Amino acid sequence: MIGQIIISLLFVFLFFGNANAEEVIFQDIKGIVIDKQTQQRIAGASVQIKNLKKGAYTKSNGEFIIKNVPVGRHQVVASFISYEPMLSNIVLSSGKQAFLTFEIEQSLLSTGEIIVSAKKNNFVAINESAIVSSTRFSIDDVERFAGSRSDPAKMAQNYAGVVGASDERNDIIIRGGSPTELLWRIDGLDIPNPNHFSTQGSTGGPISALNVNFLDNSDFMTGAFPSEYGDKLSGVFDLHTRKGNKDKYEYLGQMGFNGFEFGAEGPANENASFIINYRYSFLDFIVNTLGVDFSFAGVPEYQDVSLKYDWTIDEKNIVSLTGIWGKSFIDIATSEQ
């Protein structure tokens, strides 16, 4: 009888303990609202989170901040008088603040009639010269597309007219062309191949050296691109890197298919910010450092560092320094008879 009473009390304590143990984690959402045509910052614009009674108005410099937002997936809407509202889907994590850039367009109004125009912002390229065959993608797309593995090149293989050479590599074949006909560009600089274990004359590899936590919204073009991209035939991957948090220091640590990753960002001084990310091979650490034997013929060893420094001189002049470093090595063991 006493034993049954003790067991019943334990169930009661466990029930109420679990009910009170759930804790909601909050984070901040920051960003800026600008006019898409003039690129001028808009003051007094409304930024609201759908299904939550939370929002903010932009300051005189067009910036806003929404504090204490529960982590998770949210839809954020920016609107202003005589402008079309713009919707952005984000995944808010506990480890870092979300930063959003809203480029809203003025709505059209004619005497005697109302013109309503709709546009899917994800299909409007950042480069205004790219009119057709261009798609804007966000970092959220890289995380959500099937089989992307946090690799922008893998994500691009989901687009129409684009296939991959094999599942082991991220080579991009556009409308039957050669993978070597793709141009990679980062912050306006052409690069040959941003992948580990790449071979001479190729534009792909097994593992990307591009860190998705380092990238911002970018363009992927599958033909008829502007002449500024040179003489490439198939397509262009025009990547943009993001700025570090200029208000407070934030740190990142995670482990996954792409390896162990550590990152930091924050203000360098009153008018500057930095962001840096480092990644190390997961299998290299497990096999060569911890000594775990998986009997692999070869263990991929790679590491890379991505960094950016932004210095705002005034409203019209900004100096940015972007750097990406990486190395990779694999030794295929042969059996001895």
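In this predicted model, the largest nonpolar core holds 20 residues, and those touching the most other members are Ile 29, Val 33, Val 47, Ile 66, Val 76 and Phe 102. At least two residues of this core are supplied by each of the strands β1, β2 (46-49), β4 (63-70), β5 (72-79), β6 (86-92) and β7, and the largest share, 4 residues, comes from β7. Apart from this core there is a second, separate one of 19 residues, which includes Ile 139, Met 155, Tyr 159 and Ile 186. In soluble globular proteins, nonpolar side chains tend to be buried together.

Strand β7, which covers residues 98-104, has two faces: Ala 98, Leu 100, Phe 102 and Ile 104 make up the covered face, while Phe 99, Thr 101 and Glu 103 make up the uncovered one. Leaving aside residues up to four places away in sequence, Phe 102 touches Ile 32, Val 33, Ile 34, Val 47, Phe 64, Val 76, Ala 78, Met 86 and Ser 88. Strand β7 also pairs with strand β1 (residues 26-35) in the parallel sense, over 7 bridges, and within this pairing Ile 29 of the core stands opposite Ala 98 in β7.

For the protein chain as a whole, there are 4 helices and 23 strands, and buried residues make up 41% of its 337 residues. Among contacts with a separation of 6 or more, 53% are accounted for by residues 24 or more positions apart. The accessible surface of the chain comes to about 19800 Å², and carbon and sulfur atoms hold 56% of that area.

Later in the chain, strand β21 (residues 272-280) is joined to β22 by 9 bridges, the two strands running antiparallel, and the bridge partner of Asn 277 in β22 is Ser 306. Strand β22 is in turn joined to β23 by 13 bridges, again in the antiparallel sense, and these two strands form a hairpin with 2 residues between them. One of the bridge pairs in this hairpin is that of Tyr 309 with Leu 321 in β23.

Tyr 309 and Leu 321 also belong, together with Trp 311, Ile 313 and Val 319, to a nonpolar patch on the surface that has about 450 Å² of accessible area. The elements that give two or more residues to this patch are β22 (301-314) and β23 (317-329), with β22 giving the most, 3 residues. Trp 311 lies in strand β22 and is partly exposed, with a relative accessible area of 38%.

A search of the whole structure finds 11 salt bridges, and the table sets out three of them with the N to O distance for each pair.

| Acidic residue | Basic residue | N to O distance |
|---|---|---|
| Asp 247 | Lys 30 | 2.3 Å |
| Glu 63 | Lys 246 | 2.7 Å |
| Glu 228 | Arg 185 | 3.6 Å |

Asp 247 lies in the loop between β18 and β19 and Lys 30 in strand β1, so this salt bridge ties together parts that are 217 residues apart in sequence. Lys 30 counts as buried, at 9% relative accessibility. The salt bridge between the side chains of Glu 63 and Lys 246 likewise links distant parts of the chain, with Glu 63 in strand β4 and Lys 246 in the loop between β18 and β19, 183 residues apart. Glu 63 counts as buried at 18% relative accessibility, whereas Lys 246 is partly exposed at 46%.

Glu 228 lies in the loop between β17 (215-221) and β18, and Arg 185 in strand β13 (residues 182-186), so the pair ties together parts that are 43 residues apart in sequence. Glu 228 is partly exposed, with a relative accessible area of 43%, while Arg 185 is buried, with a value of 9%. Further salt bridges that share partners join Lys 96, Arg 242, Glu 250 and Glu 265 into one network.

The loop between β18 (235-241) and β19 (250-256) also holds Lys 243, which counts as partly exposed at 43% relative accessibility. Not counting residues up to four places away in sequence, Lys 243 touches Glu 265, Ser 273, Lys 308, Asp 310 and Ile 318. The C-alpha atom of Lys 243 is separated by 9.3 Å from that of Gly 266, a residue 23 positions apart from it along the chain.

Technical notes:
Residues numbered from 1 in each chain as written. Predicted model: local features only at pLDDT ≥ 70, side-chain atom pairs only at ≥ 80, totals over all residues. Heavy atoms only, no water. Buried < 20%, exposed > 50% of the residue type's maximum accessible area, 1.4 Å probe, protein only. Pairing = 2+ DSSP bridges. Patch = residues over 30% accessible without salt bridge, like charges linked within 9 Å, V, L, I, M, F, W, Y side chains within 5 Å. Areas by Shrake-Rupley, 256 points an atom, 1.4 Å probe, with all protein chains shown as cover. Salt bridge = Lys/Arg side-chain N within 4 Å of Asp/Glu carboxyl O. Core = buried A, V, L, I, M, F, W, Y, C linked by side-chain atoms within 4.5 Å. Contact = heavy atoms within 4.5 Å.
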